[in-house]
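Subject: Structure handover

Hi,

Here is the structure I promised to pass on to you. Please open it next to this message, and I will walk you through what turned up.

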Amino acid sequence: MTAPYLSLAPLVAWRGLPRPLDWPALFGRSAPLELEIGCGNGEVLVRRALARPGLNLVGLDEDWLSARRSLRRINLAGAANVRLLQAEAGLALERLFAPESLGRAACFFPRPWPRPREAGRRLLNRRFLRLLGSRLAPGGSLRVLTDAVAYAQWVLEQAAGSGFTARARRVPPGLDSKYERKWQGQGQQEFYELTLEKTEHLTWPNPEEPRLHYPRLESFDPARLAPFEDWGPISVLCKDVLYDPAQGRALLRMVVLEEGLEQSFYLEVLPEADGHLLRPAPGCGLLPSLGVQRALKVAAARLQGE
Ligand SMILES: C[S@@+](CC[C@H](N)C(=O)[O-])C[C@H]1O[C@@H](n2cnc3c(N)ncnc32)[C@H](O)[C@@H]1O
């Protein structure tokens, strides 16, 4: 059965808001701001919100099903001091939080990606820790719990040079989260707690979001519509194309990879009185970036046979 709908209100519609976000305005008050990264079903988040009503708590998870479960929990508990972000953690920290705006952060049972060939997927790498450190106020800290000793060791290594001083200790179960219960159910009775204290501020400004320039196409020949790949420091991939001969309009499905950001979106070719305009399709929710600007330039050149 479909889960009953309560309210979307705790969910922050961040794509339509000025960035970095104005957290006091979103909570309707100023209070110490805390972040739980990968909050899963939201049970730890909601328990903390109820226990500490003086905090403004943000839960972050990239997965919609997790966000949906958290939303339901927040609403059922009537926790007014929680907001939820459905976003990738690196993107959220870089763009949605101003430097030195967070008091504390936590990350419970991040996926350890144990195989060496999967190491690139581990979340708490040096780059991420550096970014997170820049968003913490002086004296801020990150608390991590993990079931995997090798991952704990790896995070300690990653903390070197990230602006944190890190320590680890063995702890008994005590968080009572879904993943802690999962490992306990498989017989694990000891976990690893990492405390990373910010000891140095390494600057990392919020990225500027450029005002996009939409190219005008002097000539547009639909025969040139075809997927393409342009690899480089900013990679622009056109995965698919659609063309409507009746309206003379085309749609390009794009993927752009740039430092710390991967975006999928659509560009459209729009007939105008004096030629064609290439622009992001309305409503496709992209973040203006150098990569998007490059995608417009590269696609325009391809479409004009340059
Ligand atoms: C293993 S689960 C742990 C959930 C919860 N903390 C617990 O202890 O039960 C990891 C969670 O992190 C989220 N996650 C993983 N990588 C993420 C990322 N890069 N950005 C945001 N969320 C992420 C996943 O969607 C998932 O909900």
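Helices and strands here are DSSP runs numbered from the N terminus, with at least four residues for a helix (H or I) and at least two for a strand (E). On that basis the protein has 8 helices and 13 strands. Please keep in mind that this is a predicted model.

**Overall picture**

Along the principal axes, the C-alpha atoms occupy a box of roughly 70 × 40 × 40 Å. The protein has 306 residues, and 31% of them are buried. If you take the contacts between residues at least 6 apart in sequence, 69% of those link residues at least 24 apart.

**The seven-stranded sheet**

One open sheet has 7 strands in the order S3-S2-S1-S4-S5-S7-S6, and its pairing is mixed. Its edges are strand S3 (82-86) and strand S6 (164-171), each of which pairs on one side only. On average, neighbouring strands of this sheet are turned by 15° against each other, ignoring direction. Helix H5 (residues 126-135) packs on the sheet and touches strand S4 (102-108), strand S5 (136-146), S6 and S7. The direction of H5 makes about 135° with that of S5.

At the S6 end, S6 and strand S7 (residues 191-198) run antiparallel and are joined by 8 bridges. If you would like a pair to click on, Arg167 has Thr195 in S7 as its bridge partner.

Two more helices are worth a look. In helix H2 (residues 43-51), the buried residues include Val44, Leu45, Val46 and Ala49. Among the elements that cover the buried residues of H2 are strand S1 (33-37), S2, helix H3 (64-77), S3 and S4. In helix H4 (residues 89-96), the buried residues are Ala89, Ala92, Leu93, Glu94 and Leu96. The cover over these H4 residues includes S1, S2, S3 and H5.

**The cores**

In soluble globular proteins, nonpolar side chains tend to be buried together. Here the largest nonpolar core has 51 residues, and those with the most contacts inside it are Leu60, Leu85, Ala105, Cys107 and Leu132. S4 provides the largest share of this core, with 5 residues. Leu85 makes a handy starting point for browsing: leaving aside its neighbours within four places in sequence, Leu85 is in contact with Val12, Trp14, Val58, Leu60, Ala92 and Leu96. Another core lies apart from the largest one and has 16 residues, including Val256, Leu267, Val269 and Leu303.

**The six-stranded sheet**

A further open sheet consists of 6 strands in the order S8-S13-S12-S11-S10-S9, with antiparallel pairing. Strand S8 (216-217) and strand S9 (228-230) each have a single partner strand, so one side of each is left without a neighbour in the sheet.

Inside this sheet, these are the pairings I would look at:

- Strand S10 (residues 235-244) and S11 run antiparallel with 9 bridges between them; Val236 stands opposite Val256 in S11.
- Strand S11 (residues 249-258) and strand S12 (residues 261-272) are antiparallel too, and 9 bridges join them. Val255 faces Ser264 in S12. The hairpin of S11 and S12 has 2 residues between the strands, and Gly260 takes a positive phi near 75° there.
- S12 and strand S13 (residues 275-280) run antiparallel and share 6 bridges, with Leu270 opposite Leu277 in S13. A hairpin of 2 residues connects S12 to S13.

Val256 ties two of these topics together: Val256 belongs to the 16-residue core and is also the residue that Val236 stands opposite.

**The ligand site**

I saved this part for last, as you may well want to start your own work here. Which residues are closest to the ligand? Of the 19 residues that surround the ligand, the closest are Gly38, Gly40, Asp63, Ala89 and Ser177. Ala89 has already come up as one of the buried residues of H4. By type, the shell divides into 8 nonpolar, 4 polar and 7 charged residues. Strand S2 (56-61) and helix H7 (178-185) each supply at least two residues of the shell, and H7 gives the most, with 3 residues.

Happy browsing, and best wishes!

Conventions: Residues numbered from 1 in each chain as written. Predicted model: local features only at pLDDT ≥ 70, side-chain atom pairs only at ≥ 80, totals over all residues. Near = placed C-beta within 6 Å. Nonpolar A, V, L, I, M, F, W, Y, C, P; charged D, E, K, R; others polar. Pairing = 2+ DSSP bridges. Axes fitted to C-alpha atoms, helices over the stretch in contact; angles between N-to-C directions. Contact = placed C-beta atoms within 7 Å. Buried ≥ 20, exposed ≤ 12 C-beta atoms within 10 Å, placed from the backbone. Core = buried A, V, L, I, M, F, W, Y, C linked by C-beta atoms within 7 Å.
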